[in-house]
Amino acid sequence: MDATTFFAYARRAPFGGRLTQGQIDGMNALFRCWESHKIPAPDKRHLAYILASVFHETGGRMVPVRETFASTDAGAIAALDKAYKAGRLGQVSKPYWRKGANGKAYFGRGDIQLTHEENYKVLGERIDVDLVGNPSLALDLDISAEIAIVGMLEGLFTKKKLTDYFNLKKDDPIGARAVVNGTDKAKLIAGYYKSFLDALEAATVAYYQGQPDDVAERDAQPDNVPAMKSKSLLTIIGSFLGAIGLGAVDDLKGVVESGATLFGAISNPWAFGSLVFATTGAVVLTWLVGSGRITINRSAAR
């Protein structure tokens with residue numbers, strides 16, 4: 001598979017023209033896991049439906065998440081309790097997300113939301129990871145990818161397998177939702193599946209015949225470039241400091257050459273003011289960049 005072509009096509013749909021580093025990392029983890037299983041005569045439809053399911057279950061993030069998309073376990077439990085008390089979880093008879101006797105909580109985690117202690121036990125034993133003792137391991141990128149792929153291929157989520165819906169005689173992306181969760185959002189996920197399948201097929205052709213003309217290397221790159229790694233930001237900072245501080249820098253050069261004091265060397269008060277302003281600006285910019293308060297986002301692909 002040609003990765004650049006895959007990401008270029010997936011960028012357009014279902015991702016709507018933008019890709020983050022997290023989304024790319026998450027999909028690469030799924031690809032690594034898929035390839036590690038060395039499946040005889042692998043069916044691209046299976047991989048496409050796994051990608052579509054992960055896209056839906058993670059809200060498009062493509063990385064493991066907690067149920068309710070909370071940032072902490074306590075936050076997830078609180079959000080589920082609130083929804084339960086408000087009557088928004090009518091299908092739930094017993095709050096499965098609350099901590100049990102062992103002090104662990106088994107709410108949804110992962111690329112595919114793994115819930116209930118028994119399911120953590122089944123998947124954990126299958127992939128040889130102690131998910132019961134440490135359920136947060138389901139949030140690990142590679143472990144979560146393994147859970148998603150093994151669970152959907154072997155029917156460990158609902159006893160329904162991908163081969164029940166995609167085989168030589170059957171092609172049923174709507175019915176395949178039963179592999180994870182009945183019929184919930186089945187048609188929506190089938191639409192995501194079509195987009196991922198198109199991307200996988202184009203990437204396979206490109207691997208053997210070369211990339212199509214409408215694919216560029218930049219299409220496989222993330223849009224959210226870390227500020228400290230952005231050449232654009234460094235250029236902006238350099239230009240800013242150069243424009244307002246050049247006179248002061250020239251005067252500072254005289255300090256070194258003449259051995260004069262700083263105040264004596266800078267005879268132009270405007271240059272001294274520029275130096276102070278430039279230094280302050282540099283400190284503030286460094287803090288903003290280093291703390292992650294500045295990011296560089298590329299415009300959406302056309």
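These legends accompany views of a predicted protein model.

**View 1. The whole protein, with 11 helices and 4 strands.** The predicted model has 302 residues, of which 42% are buried. Among contacts with a separation of 6 or more, 62% join residues 24 or more positions apart. The protein exposes about 16,300 Å². Carbon and sulfur atoms supply 57% of that exposed area.

**View 2. Helix 1 and what covers it.** Helix 1 spans residues 3-12. Because 7 of its 10 residues are buried, helix 1 is largely enclosed by the rest of the structure. The buried residues are T4, T5, F6, F7, A8, A10 and R11. The cover over these buried residues of helix 1 includes helix 2 (21-36), helix 3 and helix 8 (186-209). Two of these covering elements, helix 2 and helix 3, appear again in the next view.

**View 3. The packing of helix 2 and helix 3.** The axes of helix 2 and helix 3 lie 11 Å apart, and the two helices pack at an angle of about 145°. Helix 2 passes helix 3 in a right-handed crossing. On the side of helix 2, the contact is made by M27, L30, F31 and W34. Helix 3 contributes H46, L47, I50, L51 and V54 to the contact with helix 2. Sorted by class, the residues of this contact are 8 nonpolar and 1 polar, with no charged residues.

**View 4. The crossing of helix 3 and helix 6.** Helix 3 covers residues 44-57 and helix 6 covers residues 141-154. Their axes come within 11 Å and cross at roughly 120°. Helix 3 is therefore oblique to helix 6. The crossing in which helix 3 passes helix 6 is right-handed.

**View 5. Residues where helix 3 meets helix 6.** From helix 3, the residues in this contact are H46, Y49, I50, S53 and V54. They meet A148, I149, M152 and L153 of helix 6. The residues of the contact of helix 3 with helix 6 divide into 7 nonpolar and 2 polar, and no charged residue is present. H46, I50 and V54 of helix 3 belong to this contact and also take part in the contact with helix 2.

Note on methods: Residues numbered from 1 in each chain as written. Predicted model: local features only at pLDDT ≥ 70, side-chain atom pairs only at ≥ 80, totals over all residues. Heavy atoms only, no water. Axes fitted to C-alpha atoms, helices over the stretch in contact; angles between N-to-C directions. Parallel < 35°, antiparallel > 145°, perpendicular 65-115°, else oblique. Left-handed = near helix turned anticlockwise from the far one by under 90°. Contact = heavy atoms within 4.5 Å. Nonpolar A, V, L, I, M, F, W, Y, C, P; charged D, E, K, R; others polar. Buried < 20%, exposed > 50% of the residue type's maximum accessible area, 1.4 Å probe, protein only. Areas by Shrake-Rupley, 256 points an atom, 1.4 Å probe, with all protein chains shown as cover.
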